Amino acid sequence: MVFHLIGVCAEWGWDDLAWGQRTMENQSLEASSSANAVERTKKTVSMIFEEEDIGFEEDILKNPFSLRSWLRYIEHKKKCKAPSKQINLVYERALKELPGSYKLWYNYLRFRRKQVVDKCPTDPAYKYVNNAYERALVFMHKMPRIWMEYCEFLTLQRLVTQTRRVFDRSLRALPVTQHDRIWPLYIKFVTSHEIPETTIRVYRRWVIDFYEFINFWKSATS
């Protein structure tokens, strides 16, 4: 029994020692990673805010709700051939101040799509662009162009279920007078996949929607 307890104590001692060593190693790793993070942050900040950006930064500090000021800053970044991440950051800052600007969202989404043109649809970068579209639709859900381009972008990724749900959301969000801009894309999408049951349901819904539009048009003109 004594030897057993000694053995257990010895095991605990070795475990404690090993745990202590691991803890010290983890702390040193955390300290080094924190130092590296600080260095990366310093490099990132110094890289983002170049000397020629100061005038634009002062302008947007004075006029944070000026669309023209933000667009000038973004155009300056593009002319200087700044990295895409820097331009994305300026867009995000602008949208934080002006979330209801259609022009900002449209230009930003188009710029983000260009960044993934040469990438495989399974690349994680596509997911980031999808998230940007979802954030845009919080404010731009009445803009058919945003819905159309988002649906086309999802179609390229061959995300069948997600694309179908976004098409359905667009029809619910937009007024019936703008459904004619969505239906051609929706029908083209469902007919390009071998899902006959879904295709029949979509066609049936299109017919119902068409008659609803006719009735709406008659009531509006009478």
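A residue counts as exposed here when its relative accessible area is over 50%, as buried when that area is under 20%, and as partly exposed in between. With that scale in hand, the tour of this predicted model can begin at a residue on the exposed end of it.

**Two loops with positive phi**

Select Lys-81, which sits in the loop between α3 and α4. Its relative accessible area is 75%, so Lys-81 is exposed, and its phi is positive, about 55°, although the residue is not a glycine. Then move along the chain to Arg-158, in the loop between α7 (144–157) and α8. Arg-158 is likewise a residue other than glycine with a positive phi, near 60°, and because its relative accessible area is 60%, Arg-158 is classed as exposed.

**The whole chain**

Now zoom out and colour by secondary structure: the protein shows 10 helices and 0 strands, so that the order of elements from the N terminus reads α-α-α-α-α-α-α-α-α-α. Of the 222 residues in the protein, 32% are buried. Among contacts with a separation of 6 or more, 51% are between residues 24 or more positions apart.

**Helices α3 and α4**

Return to the loop that holds Lys-81 and show the two helices it connects. Helix α3 (residues 67–79) and helix α4 (residues 84–97) pack with their axes 10 Å apart and at an angle of about 175°; the pair is therefore roughly antiparallel. To see the side chains involved, select Trp-70, Tyr-73, Ile-74, Lys-77 and Lys-78 in α3, which meet Gln-86, Ile-87, Val-90, Tyr-91, Arg-93, Ala-94 and Glu-97 in α4.

**Aromatic rings around helix α5**

Keep Tyr-91 on display, for it belongs to a cluster in which ring pairs link Tyr-91, Trp-105, Tyr-108, Phe-111 and Phe-139. How many aromatic pairs does a search of the whole structure find? The search gives 12, and one of them is the stacked pair of Tyr-102 and Tyr-106, with 5.8 Å from centre to centre and 20° between the planes. Why are Tyr-102 and Tyr-106 separated by about one helical turn? The two lie 4 residues apart in helix α5 (residues 102–114), and that spacing is why about one helical turn separates them. In general, an α-helix has 3.6 residues a turn, so residues three or four places apart point the same way. Both rings belong to partly exposed residues, Tyr-102 with 31% relative accessibility and Tyr-106 with a relative accessible area of 21%.

Next select Trp-105 and Phe-139, whose ring centres are 6.5 Å apart and whose planes meet at 20°, so this pair is stacked as well. Trp-105 lies in helix α5 and Phe-139 in helix α6 (residues 124–140), so the pair ties together parts that are 34 residues apart in sequence. Are the two partners buried or partly exposed? Trp-105 is buried, at 3% relative accessibility, whereas Phe-139 has a relative accessible area of 42% and is partly exposed.

**The buried side of helix α9**

Select helix α9 (residues 183–191) and pick out its buried residues, Trp-183, Tyr-186, Ile-187, Phe-189 and Val-190. These residues cover an arc of only 160° around the axis, which places them on the same side of α9. Centre the view on Ile-187 within this helix, where a relative accessibility of 16% makes it count as buried. Beyond neighbours within four places in sequence, Ile-187 is in contact with Tyr-203 and Trp-206. A distance drawn between the C-alpha atoms of Ile-187 and Trp-206 comes to 8.7 Å, for two residues 19 apart along the chain.

Step back from α9 into the loop that joins it to α8 (160–173), and select His-179. Although it is a loop residue, His-179 counts as buried, at 6% relative accessibility. Its contacts, with neighbours within four places in sequence left aside, are Leu-171, Leu-174 and Asp-209.

**Two cysteines to finish**

Finally, select Cys-120 and Cys-151. Cys-120 has 45% relative accessibility and so counts as partly exposed, while Cys-151, at 1%, counts as buried. With a disulfide taken as a pair of cysteine sulfur atoms within 2.5 Å, the count for the structure is 0 disulfides.

Conventions. Residues are numbered from 1 along each chain as its sequence is written. This is a predicted model: local features need pLDDT of at least 70, side-chain atom pairs count only at pLDDT 80 or more; totals for chains, interfaces and linings use all residues. Side-chain values use heavy atoms; hydrogens and water are left out. Buried means under 20% relative accessible area, exposed over 50%, partly exposed in between (1.4 Å probe, protein chains only). Rings of Phe, Tyr and Trp (its six-membered ring) pair if their centres lie within 6.5 Å; planes under 30 degrees apart count as stacked, over 60 as edge-to-face and the rest as tilted. The arc is that of the directions from the helix axis to the C-beta atoms. Axes are lines fitted to C-alpha atoms, for helices over the stretch in contact, and angles run from 0 to 180 degrees between N-to-C directions. Angles under 35 degrees count as roughly parallel, over 145 as roughly antiparallel, 65 to 115 as roughly perpendicular and the rest as oblique. Contact means heavy atoms within 4.5 Å.
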